[in-house]
Amino acid sequence: MNKRVLFVDWETFFDSKGGYGLKEISVTEYVRDSRFKPHGIGYQYLDQDKAHWVSGEHQLAAFIGSVDWANTTVVAHNVKFDGAILAWRYGVKPYLWVDTQALGKAALGEQVSSYSLRSLATYLGLPPKGELTCDGVLEPSAQQLAELGEYCKRDVELCKGIYEKLMPQFPQNQIWHMDWTIRAFVEPRLSLTENVLVAGVQKEKERREAAIKASGLDKRVLASNQQFARHLQSLGIEVRTKISGRTGKAIPAFAKTDEGLAVLQRSNPCLYAARIASKANLLETRGESLLRVARTGLFPFDVGFSGAVQTHRYSGGRGAGGNPQNFTRNSFLRDAVSAPEGHSLVVGDFAAIELRILAWLANEPQLIHKIINNEDVYSSFASLFYKRTVTKADLVERQFGKCAILGLGYGMGGDKFQATVKNQLKLDISDGDAYKTIRLYRTTYFNVPKLWQFAANVIPLIASDRIASLHFAPFIKVRKNALVLPSGLTIRYPNLRRVGDEWVYDVYRKKYESEPTKLYGGKLIENICQALAGELCKEAIGRLESEFKVPCVGQVHDEILAVMPTAAAFVAVEAMAEAMQQPPKWWPQIRLKSEVGYGPTWSTAKK
DNA sequence: AAGCGGAGCGCC
DNA sequence: AAAAGGCGCTCCGCTT
C-alpha cells in the first residue's frame with residue numbers, strides 16, 4: 001500500500017504569565033499537563049494544494065479517526081511537539097515521523113543561523129510566516145479561532161514547502177534514523193524513579209548550603225565575579241586575571257581549572273568550597289527538572305537528529321527535563337533512569353571508537369596491532385612515558401595514558417593537554433612533561449601527524465570545484481566546500497577560503513552573524529572521526545531493531561540503550577555485542593568492539 | 001522586564 | 001600553529 005504524507009501543526013492553549021508555555025516548561029510536562037487544551041490542528045496531504053483547519057473536540061476526534069495512520073508519514077516542524085500530542089493525547093502511531101526542523105539541520109547545516117519555521121521559510125524563499133499570539137486565551141472567540149486557523153494553515157503550507165525543498169537533498173537511507181529519534185521521544189519506554197531524584201536533589205542542596213554557611217558570606221557575593229573579586233581583595237588575596245579569548249579583555253581567573261582558584265583552594269579551602277557551592281550545578285538543576293518530568297509519567301529520551309550540524313551526531317534535546325547526553329557519570333541522575341517492571345536496560349558502549357577510527361584512517365600499525373591483539377593501548381603508552389611497565393593496576397599512570405591517547409589524536413598542544421589532565425585527572429603536570437608527552441605521542445604514532453598533514457593538503461581541494469574522494473578514507477567524497485559521508489550526509493565548510501596562510505570557513509556562533517572559523521588538518525580529521533563514529537552507532541541501532549528485534553530507547557554518542565523483558569536480557573546482550581561489532585559495508589577492514597551489560601537502571605547496566 | 005553575549009562546565 | 005572538537009544548560013551582567 002502506498003504511504004501518504006501528511007503535514008500537521010497543532011495550535012494549543014498556552015499562558016506564559018501562568019508559567020504554562022514551552023519557554024517555561026518542557027514539551028513533556030506541557031503536553032501531559034491538566035491545563036492542556038488544543039485549539040485545533042492544521043493539516044495538508046502532500047498531494048493537496050491547500051491546508052485545512054479543524055477545531056472543536058468532536059471535529060478533532062473525527063479527523064483523527066479518519067486518518068489511516070499506519071500508512072501515513074506524519075511531518076511537522078519540531079515534530080516531537082505535534083507528535084507528542086498525537087501519540088499521548090490521541091493514541092496515534094503513524095508509519096513514520098519526519099521533522100522539517102531536523103531536515104533543515106541535516107540538509108543546510110551552518111548555512112543558516114536558525115532552524116525556526118520562519119527562518120527556514122525565509123532562507124528557502126517561501127511566503128512569509130504569519131504573526132499571531134494568543135497567549136493566555138483559553139476560549140478563543142469565533143473570530144480569534146478563525147484567525148488562528150488561517151495562521152496555522154500558513155504554517156502547515158510552509159512546513160510542506162520546506163519538506164519539498166529539502167527532501168531531495170536528504171539521503172533517503174537516513175529517514176529511518178530520523179524516525180527513530182522521534183520514536184525514542186514520543187514512545188517512551190524508560191521510567192524515572194521519583195524518590196531517587198528527591199533524595200539526590202536534597203543531598204546536593206544541603207551540601208551546597210552547608211558550604212556557603214561555613215564561609216559566613218552572602219551567596220550573592222560569592223556568586224558574582226565582581227563582588228567575589230572585591231571580597232578577596234579586602235582579605236588581601238591577590239586576584240589573578242586572564243585574557244578573554246572572545247573579548248580580549250582581562251577577566252578574573254575564576255574557573256575551576258584556573259591556577260588562581262587552585263591557589264585559593266590551598267590557602268583558603270573553606271572560601272574556595274563556598275565559591276564553588278554558590279553556583280547552581282547540573283546535578284541539582286537537572287535533578288529538579290527530571291523530577292518534574294518523573295511526576296508526569298515515563299521518560300521520553302530526547303536526542304535531535306543532526307543536532308550537531310557540523311558532524312551530524314545526535315544532540316541532546318530539552319524536551320524532557322534536559323539533555324540526556326550530559327547526565328553526570330556515577331550520579332543519582334543515571335540511577336533514576338530505569339527499565340519498566342519486569343524489564344531490564346541493556347546498555348552497550350563502543351570501545352574507544354574514535355581511537356579505532358583514527359588508527360585505521362592513519363593506518364598506524366603501532367595502534368592497529370595492539371587494538372587487534374586486545375592489548376591495552378593506554379598502559380602501553382604510559383609505559384613508554386614512565387619508562388617502566390604500567391599495567392591496569394597502576395590506576396593513575398594508566399589514566400594518564402588514556403588521557404593522552406584519547407586527547408592527542410587531533411593535534412592538541414601542550415597548554416591544552418596540561419589543562420585537560422588537570423580537569424579530568426585532577427593531576428598537575430609540568431609544562432615540560434606536557435610537551436614531552438605530546439612529542440612522545442607524535443613520534444610513537446607518527447602516522448597520525450602524517451594523517452593531519454594529508455588532511456591539511458586536502459583543504460585546498462575541498463575549497464576548489466573538483467570532485468574527488470579522500471585517499472585515506474575512500475568512502476568519503478570531496479565536493480565544493482564539503483565532505484560527503486558514507487550515509488550521504490554532508491560535513492560543510494561554508495565559504496572555505498584562505499586568509500593569509502590560514503584556511504577559514506563561516507560558522508554561526510552568534511544568532512544573526514556568522515564568524516570565520518579556522519580549519520586545519522587535525523580539526524578536519526576530528527570532524528571526520530566524530531562523524532564516522534556517529535554513523536557506526538546509527539547503523540548498529542538500525543541492525544538491532546530490524547535484524548535482532550531489540551527495541552532501542554536511547555543513544556549517547558557511542559552508547560546504545562535498549563529495553564528488554566528481563567528473561568530475554570541476556571540474549572539481547574549478545575545481540576547488541578554482535579550488532580555493534582559488525583564492521584560497516586563501506587569499511588570492512590575496521591575492527592570494532594563493544595562492551596554490553598544489563599540491569600534495572602542505567603547505572604547498573606553500564607559496566 | 002526581556003533578551004543577549006560571555007563564561008564556565010556537564011557529557012562524549 | 002603539528003592549533004583537539006562536538007554539543008546543551010546555567011548564571012551573571014549588560015543592553016534594550
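**Figure 1. Chain A and its long-range contacts.** In this predicted model, take the contacts in chain A with a separation of 6 or more: 65% of them are between residues 24 or more positions apart. The secondary structure of the chain adds up to 24 helices and 22 strands. Its radius of gyration is 26 Å, close to the 25 Å that the globule rule gives for 607 residues, so chain A is as compact as a globular protein of that length. Along its principal axes, the C-alpha trace spans about 80 × 65 × 60 Å.

**Figure 2. The inside and outside of chain A.** Of the 607 residues in chain A, 54% count as buried. What about the surface? Chain A exposes about 28200 Å², and carbon and sulfur atoms supply 51% of that.

**Figure 3. Helix α8 from end to end.** Here's a quick ruler check on α8, which covers residues 194-215. At 1.5 Å a residue, its 22 residues should span 32 Å, and its end C-alpha atoms are 32 Å apart, which agrees. Right after α8 comes glycine 216, with a positive phi near 70°.

**Figure 4. The two sides of helix α8.** The buried residues of α8 are Leu197, Gly200, Val201, Glu204, Arg208, Ala211, Ile212 and Ser215. Look down the helix axis and these buried residues fall within an arc of 100°, so they line one face of α8. Over on the other side, Asn195, Lys203, Glu209, Lys213 and Ala214 are exposed.

**Figure 5. The neighbours of helix α8.** What do the buried residues of α8 pack against? Their partners are strand β6 (191-192) and the helices α9 (219-223), α12 (269-278), α13 (282-294) and α14 (332-335).

Methods: Residues are numbered from 1 along each chain as its sequence is written. Chains are lettered from A and ligands numbered from 1 in the order in which they are written. This is a predicted model: local features need pLDDT of at least 70, side-chain atom pairs count only at pLDDT 80 or more; totals for chains, interfaces and linings use all residues. Side-chain values use heavy atoms; hydrogens and water are left out. Helices (H or I, at least four residues) and strands (E, at least two) are DSSP runs, numbered from the N terminus. The expected span of a helix is 1.5 Å times one less than its number of residues. Buried means under 20% relative accessible area, exposed over 50%, partly exposed in between (1.4 Å probe, protein chains only). The arc is that of the directions from the helix axis to the C-beta atoms. Contact means heavy atoms within 4.5 Å. The radius of gyration is taken over C-alpha atoms; the globule rule is 2.2 Å times the number of residues to the power 0.38. Accessible areas come from the Shrake-Rupley method with a 1.4 Å probe; for residues, only the protein chains shown count as cover.
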